[in-house]
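User: I am in my first year and would like to take a close look at a single part of this protein, and then see how that part fits with its surroundings. Could you go through it slowly with me?

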Amino acid sequence: MRLALEEARRAYLLGEVPVGALVVVKGQVLARAHNLRETSRDASAHAEFLALREAARQLGDWRLNEATVYVTLEPCPMCAGAMVQFRVGELVYGTRDPKAGAVDSLLDLVRDVRFNHRVSVVEGVLAEECGCLLKDFFRSLRKPDNDGEMAELG
């Protein structure tokens, strides 16, 4: 999770919502990514989604049954759904997302018995650190800049 936090900090420096993700198979990091929605102007450029695609490319297989995904924030519906579609074995995440979380907060897409695959989940790893980074980021957006204007993202 510390490596995922490093990725989240990279996103923060770019003015992106600070979320970082890694895909690990048999102790080896196959892919790491951070949010790039604003930078790439692509709504699907979430850390998890980018890391999953890269991991599948590295493995040469879209099935990631033996993979563990580490992500600093509870995945949204798109990313949780992608984890089911990629057949991810395990999800480890930092802090809950009460507004968009699709694992424990609003929905539970990854363990829904109606799907043909379910993902094992570990919640709350370095939750405080992951949550603080997000809070700091959004607090910085609300601070007025030198002209008295509110800071904005791209």
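Which residues are exposed on the other side of helix 5, and what do the buried residues of helix 5 pack against?

Analyst: Please keep in mind from the start that this is a predicted model. On the other side of helix 5, the exposed residues are E128, K135 and R142. To see what "other side" refers to, it helps to begin with the helix itself, which runs through residues 127–142 and so has 16 residues. From its first C-alpha to its last, helix 5 reaches 23 Å, which is close to the 22 Å expected at 1.5 Å a residue.

The buried residues of helix 5 are C130, G131, L133, L134, F137 and L141. Around the axis they cover an arc of only 155°, and therefore they sit on the same side of helix 5. That side packs against helix 1, strand 3 and strand 4, while E128, K135 and R142 are exposed on the other side.

One of the buried residues, C130, deserves a closer look. C130 counts as buried because its relative accessibility is 2%, and the cut-off for that word is under 20%. As C130 is a cysteine, you might ask about a bond to another cysteine, but the closest cysteine sulfur, in C132, is 9.5 Å from the sulfur of C130, which is too far for a bond. This agrees with the search of the whole structure, which finds zero disulfides. C79 is likewise in no disulfide, although the nearest cysteine sulfur, that of C76, is 3.8 Å away; the cut-off for a disulfide is a pair of sulfur atoms within 2.5 Å.

C79 leads us to helix 4, residues 77–85, where C79, A80, A82, M83 and V84 are buried. For C79 the relative accessible area is 0%. What covers the buried residues of helix 4 includes helix 3, strand 3 and strand 4. Strand 3 and strand 4 have thus appeared twice in this account, since the buried residues of helix 5 pack against them and they are also among the elements that cover helix 4. After helix 4 comes R87, whose phi is positive, near 60°.

The next step is to look at how buried nonpolar residues join together. The largest nonpolar core has 35 residues, and V23, L52, V88 and L91 touch the most other members. Strand 1, strand 2, helix 3, strand 3, helix 4 and strand 4 each give two or more residues to this core, and the largest share, six residues, comes from helix 3. L91 shows what such contacts look like for one residue: leaving aside its neighbours within four places in sequence, L91 is in contact with V69, V71, P75, M83, V103, V119, S120, V121 and V122. Apart from the largest core lies another core, of nine residues, and among them are M1, A4, L5 and L133. L133 brings us back to helix 5, where L133 is one of the buried residues.

Helix 1, which the buried residues of helix 5 pack against, also takes part in a charged contact. Side chains of opposite charge can pair when their charged atoms come close. By the rule used here the count comes to 13 salt bridges, and in one of them the side chains of R32 and E7 meet at 2.8 Å, N to O. R32 lies in strand 2 and E7 in helix 1, so this pair ties together parts that are 25 residues apart in sequence. The partners differ in how they are covered, because E7 is buried, with a relative accessible area of 5%, whereas R32 is partly exposed, with a relative accessible area of 36%. R32 and E7 belong to a network of salt bridges that also links E6 and R10.

A further salt bridge joins the side chains of R96 and E123, at 2.6 Å, N to O. R96 lies in the loop between strand 4 and strand 5, while E123 lies in strand 5, so the pair ties together parts that are 27 residues apart in sequence. R96 is partly exposed, with a relative accessible area of 40%, and E123, at 39% relative accessibility, also counts as partly exposed.

Definitions and conventions: Residues are numbered from 1 along each chain as its sequence is written. This is a predicted model: local features need pLDDT of at least 70, side-chain atom pairs count only at pLDDT 80 or more; totals for chains, interfaces and linings use all residues. Side-chain values use heavy atoms; hydrogens and water are left out. Buried means under 20% relative accessible area, exposed over 50%, partly exposed in between (1.4 Å probe, protein chains only). Helices (H or I, at least four residues) and strands (E, at least two) are DSSP runs, numbered from the N terminus. Contact means heavy atoms within 4.5 Å. A salt bridge is a side-chain nitrogen of Lys or Arg within 4 Å of a carboxyl oxygen of Asp or Glu. A nonpolar core is a set of buried Ala, Val, Leu, Ile, Met, Phe, Trp, Tyr and Cys residues joined through side-chain atoms within 4.5 Å. The expected span of a helix is 1.5 Å times one less than its number of residues. The arc is that of the directions from the helix axis to the C-beta atoms.
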